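Here are my notes on the model, set out as numbered points. Please read them with the structure open.

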Amino acid sequence: MKAIFSVLLFVIIIQFNDARAEGEDWQEKSIKEGNWNLGGGGMLAYDTYNGGRASGALGAQYFVADNLSLGILTSFYYFKSNNHALGLGPKATYYFYETEKKAFYVSQSIGFYWGENSVGASTHAVGGQTSVGFEHFFTSNVSFGPELRYQYYLDKNNASTLKNETAVLLNFNLFF
């Protein structure tokens, strides 16, 4: 499975690896009005309340203006205590500083979460994610970087495992 994923990732990178023309500005091509961003990230963590957990997110965003993208984010959570949740909601990202191969951004998303707790009861919650991150562009279309995220919940119904938290994630993005 890991080999298939590695080959697929390699093919995607090669597919989107446009040769950089002399003097071409990478961000001008990547984070510009009319372009798309597909990406995601994840983390593994441990805490005394939930034990081990894994979470990740996948999203698609459209640049409605230079440096501003709007889209949708899906999130998933799996807890060692057999709890799990899935989230879906809108996301906005603004790139506030950029150089040839680097970009810094802030983002905000609101999510609606559904899941099941360890005793089999259905759970739901409404929450949000406020993030600041950094992207390093390996090519004009491929970036990778860390994100500092604050996850908070506004309404939790039977979802005691969902706690407000600050986390560091690693993100991978494709721009086209």
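1. Seven strands, β1 (36-47), β2, β3 (68-79), β4, β5, β7 and β8 (165-175), each contribute at least two residues to the lining of the largest cavity. Please keep in mind that this is a predicted model. The lining comprises 23 residues, and those nearest the cavity centre are G39, G40, Q61, K91 and N173.

2. What is the make-up of that lining, in nonpolar, polar and charged residues? Nine of the lining residues are nonpolar, 10 are polar and four are charged. The volume of this largest cavity is about 210 Å³. Counting every cavity of 30 Å³ or more gives five.

3. On the overall layout, the chain has two helices and eight strands. Read from the N terminus, the order of elements is α-α-β-β-β-β-β-β-β-β, with both helices ahead of the strands. The chain has 176 residues, and 40% of them are buried. Taking contacts between residues at least 6 apart in sequence, 54% join residues that are at least 24 apart.

4. The aromatic pairs deserve a point of their own. The count is 10 aromatic pairs. In one of them, Y95 and Y105, the ring centres are 5.6 Å apart and the planes stand at 50°, so this pair is classed as tilted. Y95 belongs to strand β4 (residues 84-98) and Y105 to strand β5 (residues 102-116), with their positions 10 residues apart in the sequence count. Both Y95 and Y105 are buried.

5. How are the rings of Y113 and Y153 placed relative to each other? Their centres are 5.6 Å apart and their planes are at 65°, so the pair is edge-to-face. Because Y113 is in strand β5 and Y153 is in strand β7 (residues 142-157), this pair ties together parts of the chain 40 residues apart in sequence. Y113 and Y153 are both buried.

6. Ring pairs also join up into a cluster, made of F63, Y95, Y105, F137 and F175. Two of these residues, Y95 and Y105, are the tilted pair described above.

7. S30 is in helix α2 (residues 26-30). Is S30 buried or exposed? S30 has a relative accessible area of 0% and is therefore buried. Apart from neighbours within four places in sequence, S30 is in contact with N35, F63, F137, S140, N141 and F175. F63, F137 and F175 in that list are also members of the aromatic cluster.

8. On charged side chains, the count of salt bridges is one. R149 and E147 form it, and their closest N and O atoms are 2.8 Å apart. R149 is buried, and E147 is buried too.

9. R53 is another arginine to check, and its place is in strand β2 (residues 51-65). The relative accessibility of R53 is 12%, so R53 counts as buried, the cut-off being under 20%. R53 and Y78 are separated by 25 residues in sequence, yet their C-alpha atoms are 5.5 Å apart in space.

Key. Residues numbered from 1 in each chain as written. Predicted model: local features only at pLDDT ≥ 70, side-chain atom pairs only at ≥ 80, totals over all residues. Heavy atoms only, no water. Phe/Tyr/Trp six-rings, centres within 6.5 Å; stacked < 30°, edge-to-face > 60°. Helix = DSSP H or I, 4+ residues; strand = E, 2+ residues; numbered from the N terminus. Buried < 20%, exposed > 50% of the residue type's maximum accessible area, 1.4 Å probe, protein only. 1 Å grid on protein atoms, 1.4 Å probe; cavity = no way out; pocket = protein on both sides within 12 Å on 5 of 7 lines; lining within 4 Å. Points joined across faces, edges and corners; volume = space filled by probe spheres on them. Nonpolar A, V, L, I, M, F, W, Y, C, P; charged D, E, K, R; others polar. Salt bridge = Lys/Arg side-chain N within 4 Å of Asp/Glu carboxyl O. Contact = heavy atoms within 4.5 Å.
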